[in-house]
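Please open the structure in your viewer and keep the selection panel at hand. The stops below say what to select next and what is there.

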Amino acid sequence: MTILADDSLCYTPPPLVALSSAFPMPSDRSENPYVLVLYYSRSGSTDAMARQVVRGVSTVSGIDARLRTVPPVSNDCEAITDQVPDDGPTYASQDDLCSCAGLVLGSPTRFGNMAAPLKYFMDQSSELWLSGSLIDKPAAVFTSTSSLHGGQESTLLSMQLPLLHHGMLLVGLPYSEPGMMTTQAGGTPYGASHWAGATGGRSMDATEQELCRALGRRVAELCLRLGAGAGA
Ligand SMILES: Cc1cc2nc3c(=O)[nH]c(=O)nc-3n(C[C@H](O)[C@H](O)[C@H](O)COP(=O)(O)O)c2cc1C
């Protein structure tokens, strides 16, 4: 983690994620409503999925994607962390969550469940729960695993639980998506998934990528159908 000596550097825009120039990241300064793509990734597989979800959101006009991650949890997890990590997207704030039109939440599978850093972030959202800020907003989930049957569905389903407590409207992947019937790896009705292999070296195949994009697109379209941005 870079320690910023000069406070003013805190206002430096976050380093843009390593997306190709053919796909520029939407600006946070846009006045469009946005889908928050919030994820944790330690070795990059869930990160790659998040970028496909962002691409899916970005195919829908009138709504943006906002990519955010969370810091790792450690013995000093209560310390104040820099909002600008060394690389990758900015760490999410509760305000990012509060103001989103929709949410797509991604985590590596950890023993059949979501990873602690993301859970830790969601566990700090009780003020939003009290205010009802997320009620009736669409939400979806995605995960990456090292083994094909290592708990993708259990992770996706358990990631949905806090979102239900927040009153969010859960969005999955319908079987009208062609890849849902043909996939040889990830892709479930509960959300997008990726089989990264034992060493994490298996890249997403075309079907896994398309299902990530389909999920982002679906959440974005539902946000607009539910009136996000209307009257803005
Ligand atoms: C503590 C721990 C628990 C894990 N539990 C599982 C598991 O239950 N099932 C599985 O298939 N992979 C499991 N994995 C592997 C990760 O889910 C997998 O490598 C994932 O693709 C990592 O995503 P990332 O590259 O975004 O960090 C575990 C990894 C760690 C470190």
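Begin by selecting β3 together with strand β5, residues 138–145, in this predicted model: the two strands run parallel and are joined by six bridges. To find the register of this pairing, pick Leu103, whose bridge partner in β5 is Ala139.

Keep β3 selected and add strand β1, residues 34–39, which also runs parallel to β3 and is joined to β3 by five bridges. Here the residue to pick is Val37, whose bridge partner in β3 is Val104.

Next, add β4, which pairs with β3 through two bridges but runs antiparallel to β3. Thr109 stands opposite Met114 of β4, and the hairpin formed by β3 and β4 has two residues between the strands. Within this hairpin, select Phe111 and inspect the backbone torsions, since Phe111 takes a positive phi near 50 degrees. Before leaving β3, colour the strand by burial: β3 is mostly covered, with eight of its nine residues buried.

Now move to helix α3, residues 116–123, and select Pro117, Leu118, Phe121 and Met122, which are buried. Why do the buried residues of α3 line one face of the helix? Looking down the axis of α3, you will find them within an arc of 135 degrees, so they line one face. As a general matter, an α-helix has 3.6 residues a turn, so residues three or four places apart point the same way. To see what this buried set packs against, display β3 (102–110), β4 (113–114) and α5 (152–165) around α3.

The next stop is the ligand, which 20 residues surround. Select the closest of these, namely Ser41, Thr46, Pro108, Thr145 and Gly150. Which elements each supply at least two residues of the shell around the ligand? They are α1 (45–58), β3 and β5, so that two strands already selected at the opening stop, β3 and β5, appear again here. When the shell is coloured by class, three residues are nonpolar, 14 are polar and three are charged.

Finally, select the whole protein chain, which has seven helices and seven strands. From the N terminus on, the elements run β-α-β-α-β-β-α-α-β-α-β-α-β-α. Of the 232 residues in the chain, 41% are buried. If you draw a contact map, consider the contacts between residues at least 6 apart in sequence, of which 77% join residues at least 24 apart.

Terms used. Residues numbered from 1 in each chain as written. Predicted model: local features only at pLDDT ≥ 70, side-chain atom pairs only at ≥ 80, totals over all residues. Buried ≥ 20, exposed ≤ 12 C-beta atoms within 10 Å, placed from the backbone. Helix = DSSP H or I, 4+ residues; strand = E, 2+ residues; numbered from the N terminus. Arc of directions from axis to C-beta. Contact = placed C-beta atoms within 7 Å. Pairing = 2+ DSSP bridges. Near = placed C-beta within 6 Å. Nonpolar A, V, L, I, M, F, W, Y, C, P; charged D, E, K, R; others polar.
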